[in-house]
Amino acid sequence: MNLIKRITLLIMLAFAPLAMAGEVDINTASAAELAEALVGVGDVKAEAIVAYREAHGPFNSADELTLVKGIGKALVDKNRENILISR
């Protein structure tokens, strides 16, 4: 495989997680929907988001996700454009 093909493949693989992301309402989505739509959020973090929401009520902003154990500011920033908030 020549160098250009290798570089192209590496670029495609690097951006693949971003292509899989989609908009999601963090106040209504199931854990499965959260895990699918948010980059860097797997089943465990998605379940933690749902559990926090059920215990504390709906989120008022994307930044409140940092109150969930395992969710930091960098993860929120990475997904900010895909996070919706219903009231």
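This note goes through a predicted model in numbered points, from the overall layout to single residues.

1. Overall layout. The protein has 4 helices and 2 strands. Read from the N terminus, the order of these elements is α-β-α-α-α-β. Of its 87 residues, 32% count as buried. The exposed surface comes to about 5,800 Å², and carbon and sulfur atoms supply 61% of that area. Among contacts with a separation of 6 or more, 46% join residues 24 or more positions apart.

2. The nonpolar core. The largest nonpolar core holds 21 residues, and those touching the most other members are L34, I49, F59, L65 and I71. At least two residues of this core come from each of α2 (31–37), α3 (43–56) and α4 (73–79). Two of the residues named above also touch one another: the contacts of I71, leaving aside neighbours within four places in sequence, include I49 and L65. The remaining partners of I71 on that basis are K45, T66 and V76.

3. Helix α3, length. Does the end-to-end distance of α3 agree or disagree with its residue count? At 1.5 Å a residue, the 14 residues of α3 should span 20 Å, and the end C-alpha atoms are 20 Å apart, so the two agree. Just after this helix, G57 takes a positive phi of about 90°.

4. Helix α3, faces. The buried residues of α3 are A46, I49, V50, Y52 and R53. Because they cover an arc of only 160° around the axis, they sit on the same side of α3. The other side of the helix carries the exposed residues D43, V44, E54 and A55. Helix α2 is included in what covers the buried residues of α3. I49 belongs to the buried set of α3 and is also listed among the core residues with the most contacts to other members.

5. F59. This residue is placed in the loop between α3 and α4. Is F59 buried or exposed there? Its relative accessible area is 1%, under the 20% limit, and F59 is therefore buried. Leaving aside neighbours within four places in sequence, F59 is in contact with I26, N27, I49, Y52, R53, E64, L65, V68, I85 and R87. Three of these partners, I49, Y52 and R53, are among the buried residues of α3. For I85, 26 residues away along the chain, the C-alpha to C-alpha separation from F59 is 7.1 Å.

6. The aromatic pair. How many aromatic pairs does a search of the whole structure find? The search finds 1. The pair is formed by Y52 and F59 and is stacked, with 5.8 Å centre to centre and 20° between the planes. Both Y52 and F59 are buried.

7. L67. The loop between α3 and α4 also contains L67. Unlike the buried F59, L67 is exposed, with a relative accessible area of 52%. L67 and Y52 are 15 residues apart in sequence, and their C-alpha atoms are 8.4 Å apart in space.

8. N79. Helix α4 contains N79. With a relative accessibility of 2%, N79 counts as buried. Not counting residues up to four places away in sequence, N79 touches A37, L38 and V39. Of these partners, A37 falls within the span of α2 (31–37).

9. The loop between α4 and β2. N82 is found in the loop between α4 and β2 (83–84), and E81 has its place there too. Which of the two categories, buried or exposed, applies to N82? At 19% relative accessibility, N82 counts as buried, because the limit is under 20%. E81 is exposed, with a relative accessible area of 75%. Each of these residues can be related to a position elsewhere in the chain. N82 and A62 are 20 residues apart in sequence and 9.8 Å apart in space, C-alpha to C-alpha. E81 and E23 are separated by 58 residues in sequence, with 7.6 Å between their C-alpha atoms.

Conventions:
Residues numbered from 1 in each chain as written. Predicted model: local features only at pLDDT ≥ 70, side-chain atom pairs only at ≥ 80, totals over all residues. Heavy atoms only, no water. Phe/Tyr/Trp six-rings, centres within 6.5 Å; stacked < 30°, edge-to-face > 60°. Buried < 20%, exposed > 50% of the residue type's maximum accessible area, 1.4 Å probe, protein only. Core = buried A, V, L, I, M, F, W, Y, C linked by side-chain atoms within 4.5 Å. Contact = heavy atoms within 4.5 Å. Areas by Shrake-Rupley, 256 points an atom, 1.4 Å probe, with all protein chains shown as cover. Expected span 1.5 Å × (residues − 1). Arc of directions from axis to C-beta.
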